[in-house]
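User: Please take me through this model with care, beginning with the terms before turning to particular residues.

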Amino acid sequence: MSKKNNRINVPEAREAMDKFKMEAASEVGVNLKEGYNGDISAREAGSVGGQMVKNV
């Protein structure tokens, strides 16, 4: 069975992905900050990820 790989393969894409994540967070009303965001709930983090998938 293959192992999932969620790493960003193109280093230049990290900045674009961070910007995309921040835009998705603002759309769903989650206050993300640069760096560590361990203080947000799993529901909030999931809503950001869901919004990112929805927008792709």
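Analyst: A polar contact is a pair of N or O atoms within 3.5 Å, where, within protein, one must be able to donate a hydrogen and the other to accept it, and where residues adjacent in sequence count only if both atoms are side-chain atoms. This is a predicted model, in which local features need pLDDT of at least 70 and side-chain atom pairs count only at pLDDT 80 or more, while totals for chains, interfaces and linings use all residues. Residues are numbered from 1 along each chain as its sequence is written, and side-chain values use heavy atoms, with hydrogens and water left out.

User: Which backbone oxygen lies 3.2 Å from a polar atom of the side chain of Asn37?

Analyst: Asn37 is placed in the loop between α1 and α2, helices being DSSP runs of H or I with at least four residues, and strands E runs of at least two, numbered from the N terminus. The polar atom of its side chain has as partner, at 3.2 Å, the backbone oxygen of Gly35.

User: Why does Asn37 count as buried?

Analyst: Buried means under 20% relative accessible area, exposed over 50% and partly exposed in between, with a 1.4 Å probe and protein chains only. Asn37 counts as buried because its relative accessibility is 19%.

User: What does α1 reach from its first C-alpha to its last?

Analyst: The expected span of a helix is 1.5 Å times one less than its number of residues. For α1, with 16 residues, 22 Å is expected, and close to this is the reach in the model, 23 Å.
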